Amino acid sequence: MRLLLLVALPLALALVPPAARLLDNVYLITLVRQALIYALAAMALDFIMGYGRLVSFGHAAFFGLGAYTVGILGTHYMQDLALLFGWAGSNEALLAWPLAMAISGAYALLVGLISLRTSGIYFIMITLAFAQMVYYLFVSLSAYGGLTGLSLWLPNTIAGFDLLADGLYFYYLCLTLLLLAWWLLARIVASRFGQVLQGCRQNERRMRALGYRTYGYKLTAFVISGAVTGLAGALLANHAGYVSPGLMHWSMSGELIIIVLLGGLSSLIGPIYGAIILLLLEQLLTTITPYWQIILGPILILVVLLFKGGLYGTLTRRGSQA
Amino acid sequence: MQLLLEQALNGLQFGVTLLLMASGLTLVFGIMNLINLAHGSLFMVGAYVGATVAAYSHSFLLAVAAGMAAAAMTGMLMELLIMRRLYPREHLDQVLATFGLILFFNELVTIVWGRQPLSMPVPDWLSGAVEILPGVPYPTYRVAVLVVGIAVAVFLYLLVMQSRLGMRIRAGAANRDMINALGVNIVVLYTLVFGLGAALAGLAGVMAAPFMAVQAGMGENILILTFVVIIIGGIGSIRGAVIGALLVGVVDTLGQAYLPALFRLWLAPAAADSAGTALATMAIYVVMAGVLAIRPQGLFGARTA
Amino acid sequence: MNASPASPAPVFAARHLIKRFGGLTATDDLSLALQRGRILALIGPNGAGKTTALAQLSGELRPDAGQILFQGRDITRLNMAQRAKAGIARSFQITAIFEQFSVLENVCLAVQAAARHHFRFWGRAMRDQALLEPAQAALQRVALQPLAERPASALAHGQKRQLEIAMALATAPQVLLLDEPLAGMGRAEAEVIVALLAELRAEHAILLVEHDMNAVFQLADTVVVLDDGAILAQGPAAAIRANPAVQAAYLSEGD
């Protein structure tokens with residue numbers, strides 16, 4: 001069953017565009033593309049939440065910072081406004097996206113440095129607070145749109161080529177990046193570093209008794225997670241053509257957690273299923289009522305109460321663990 | 001000087017609102033080990049019901065009573081149906097489930113009351129100002145909020161520290177299994193504690209309604225601040241909640257009042273307001289980060305393994 | 001305890017440890033020494049302060065006063081992780097293994113601890129011979145080899161205690177601080193552990209905190225009796241056994 005789920009998913013996702021053409025519903029491609037981007041962010045979150053038990057309620061900060069990096073660089077470039085030391089930004093993905101990852105990763109380093117000194121509920125709350133700080137910061141930056149946000153004039157170019165304007169190429173790019181991230185994170189989980197992370201999740205006291213200096217490893221994992229989430233943010237900016245502080249709001253952090261838990265904690269692939277489920281739910285429920293969240297809420301509650309391990313966990317009978 | 005006094009009092013008054021929220025939240029977490037993100041929704045329920053009753057009955061006192069009762073009942077219903085099943089679960093599961101509750105309640109109030117925010121006017125007999133010091137007028141309503149808040153704080157202190165129920169509550173906070181073994185009906189105790197916390201949240205909601213727009217999502221803003229309060233104060237500690245609430249209330253209010261002005265000393269007005277407001281809203285988070293950097297368990301929190 | 005020609009020099013020693021919690025003195029002037037090839041048992045009733053003492057020796061708790069020495073060095077200020085790296089291993093009273101890992105993964109993790117750093121993101125940890133060989137060897141030592149691939153959660157209680165010891169051994173320590181390794185064990189299971197500990201004695205300095213008096217008197221060379229944080233009596237096992245005060249207080253309650 002597990003093998004089936006692991007293979008079926010990339011295949012199905014690769015076939016979405018041709019299927020959409022067949023169904024004469026090209027909008028489907030855009031819709032699933034958004035799910036893929038959220039899945040990337042959620043996967044990065046699962047990396048630390050599922051394997052390290054670091055429940056970050058502030059991951060939206062990294063998501064938003066990645067998106068704003070692209071937005072700000074693009075805006076300055078388009079308006080030929082100096083950003084830093086006379087440099088007027090750029091609309092080139094090969095520059096902006098790594099920079100987005102670097103900035104998100106840097107903020108993750110800062111957040112992690114302080115937050116990882118705490119644990120449990122304190123950790124959850126302090127990561128939330130750090131995201132709120134960034135949220136309020138960008139709300140007050142009227143130069144970059146404040147609460148209403150920033151529109152992107154054009155999507156990024158890749159090595160100078162205007163590839164992202166084509167929805168289809170962009171879709172496959174997102175899918176490729178997602179699968180690549182999945183592969184990389186899976187390898188890290190299986191490595192020595194991954195063993196340390198998982199050991200910390202299961203019994204940190206024992207890890208320290210064994211001689212592990214756990215702080216540094218958790219911090220590294222946190223930074224990796226933040227950077228990958230930043231990449232997702234950069235993709236989202238291009239996808240939506242628009243960035244706003246709402247991306248950093250704690251409800252976005254909550255949404256990412258929901259995606260991870262719906263699909264299955266500590267599976268890496270679960271979040272992909274989770275993102276798709278949430279997408280389907282939203283599409284389905286809005287046909288019933290515009291107040292769709294009144295149904296989503298209880299659904300979440302039921303999922304928590306009844307399905308331990310999310311969809312993937314339930315299907316592969318690998319329950320979510322302590 | 002007068003402005004400073006006013007702002008300081010505003011800070012205290014805000015702190016008192018936070019205290020009403022924080023004491024419920026910290027009790028529930030300390031005793032039942034439950035993270036309840038929907039605590040803000042109870043605040044919202046209190047505000048909505050209170051505003052509605054005030055509009056129809058023109059009686060402020062009735063509105064307060066109605067708001068508290070509605071919140072308490074909603075809370076106990078929540079406890080019966082959902083919270084009970086969450087007590088043994090991981091914090092993460094509790095976060096997710098109560099997040100679902102937030103979505104539900106936000107949408108519910110929108111269905112029942114529509115998307116337009118409600119307003120709740122200050123009642124006539126509490127409008128105007130009193131002279132707290134000769135020549136220093138201060139809004140009567142704010143004084144009322146302060147008085148109510150302090151009264152509740154004292155009541156809570158007496159309840160938790162002096163009464164038998166309070167003893168059971170403190171024992172429950174210290175050792176859950178033990179209190180069960182002592183034969184205290186823990187199921188009823190939990191429901192009561194939860195109801196108490198809900199009532200306090202409802203009270204906070206009604207009394208704060210005249211200061212803000214009553215709309216969906218209002219609970220979440222105050223919820224986050226409430227969490228900051230109990231994190232700073234230390235989870236499970238009423239004393240911590242008091243200190244934390246006052247600290248957050250004062251820092252936030254004074255920050256909002258003075259930081260933009262402070263920044264104008266060396267920045268252009270537009271930039272100063274921008275930076276000042278940003279820093280003001282960030283201020284309490286910076287304080288929280290600072291406290292946690294030095295004492296990861298909060299000021300009065302117990303160090304847990 | 002001084003080093004005499006008959007006994008080797010102490011490799012691990014505690015001198016005049018004091019620990020207070022508010023008004024309670026949990027550790028009251030505790031001194032003891034461990035030597036390679038010897039087992040020292042720390043006994044006493046519940047609440048005597050054994051756990052607190054062990055916590056200070058392993059580095060979990062900082063004593064208010066006193067010194068802890070290892071191979072002549074003052075290690076009082078070192079934390080748990082640093083002491084583990086230095087060669088002091090600890091097992092836990094309440095099983096502290098990694099339940100979701102396999103038995104082999106548990107021990108590999110213990111072996112890996114000795115490496116200088118763990119920023120290896122690439123190679124598969126569980127195919128790494130550098131980890132697998134010592135881990136298999138430790139499992140052999142405690143006779144858990146056949147169960148290497150089972151999830152640790154599936155082990156019987158006694159086997160989990162064996163795993164605890166395997167993990168402590170995997171770091172190739174000089175000093176073993178064992179916190180009630182026989183906790184919750186039946187007769188047959190206990191005998192397996194006792195035999196194992198007797199074997200391990202030769203290469204390690206062992207501190208054994210235990211309630212199981214049979215095991216204590218089978219294994220211990222020296223016994224230290226703790227009461228209310230202070231040493232009630234200490235000396236060779238036989239002498240302690242015969243000590244009337246100790247007998248009255250504790251030996252009657254054991255099994």
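Buried here means under 20% relative accessible area. The model is predicted.

Q: Which residues of strand 7 of chain C point one way, and which the other way?
A: In a regular strand the side chains alternate between the two faces of the sheet. Strand 7 of chain C puts Leu176(C) and Leu178(C) on one side, and all of its residues listed here are buried. Pointing the other way are Val175(C), Leu177(C) and Asp179(C).

Q: Why is strand 7 of chain C largely enclosed by the rest of the structure?
A: The strand covers residues 175-179 of chain C. It is largely enclosed because its buried residues number five of the five.

Q: In which sense does strand 7 of chain C pair with strand 6 and with strand 8 of chain C?
A: Strands of a sheet pair through backbone hydrogen bonds, either parallel or antiparallel. Strand 6 (residues 88-91) of chain C shares four bridges with strand 7, and Ala89(C) stands opposite Leu176(C). Strand 8 (residues 205-209) of chain C shares five bridges with strand 7, and Asp179(C) has Val209(C) as its bridge partner. The sense is parallel with strand 6 and parallel with strand 8.

Q: Which are the edge strands of the open sheet of four strands in chain C?
A: The pairing in this sheet is antiparallel, and the order is 2-1-4-5. An edge strand pairs on one side only. In chain C these are strand 2 (24-34) and strand 5 (73-74).

Q: What is the bridge partner of Phe70(C) in strand 5 of chain C?
A: Strand 4 (residues 65-70) of chain C pairs with strand 5 in the antiparallel sense. Two bridges join them. The partner of Phe70(C) is Arg73(C).

Q: What area is buried between chain A and chain C?
A: The contact involves 30 residues of chain A and 37 residues of chain C. Carbon and sulfur atoms give 57% of the buried area. Its total is about 3,100 Å².

Q: Which three residues supply 28% of the area that chain A buries against chain C?
A: No other three residues of chain A supply as much. They are Arg192(A), Gln195(A) and Arg206(A).

Q: Which residue of chain A forms a salt bridge with Glu164(C)?
A: The interface of chain A and chain C holds three salt bridges. In the one made by Glu164(C), the closest N and O atoms are 3.2 Å apart. The partner is Arg206(A).

Q: Which element gives the most to the side of chain A that touches chain C?
A: Helix 7 (167-190), helix 8 (192-210) and helix 9 (214-240) of chain A each give two or more residues. One of them gives 15 residues. That element is helix 8 of chain A.

Terms used. Residues are numbered from 1 along each chain as its sequence is written. Chains are lettered from A and ligands numbered from 1 in the order in which they are written. This is a predicted model: local features need pLDDT of at least 70, side-chain atom pairs count only at pLDDT 80 or more; totals for chains, interfaces and linings use all residues. Side-chain values use heavy atoms; hydrogens and water are left out. Contact means heavy atoms within 4.5 Å. Buried area is the accessible area (1.4 Å probe) that two parts lose on being put together, summed over both. A salt bridge is a side-chain nitrogen of Lys or Arg within 4 Å of a carboxyl oxygen of Asp or Glu. Buried means under 20% relative accessible area, exposed over 50%, partly exposed in between (1.4 Å probe, protein chains only). Two strands pair if DSSP finds at least two bridges between them.
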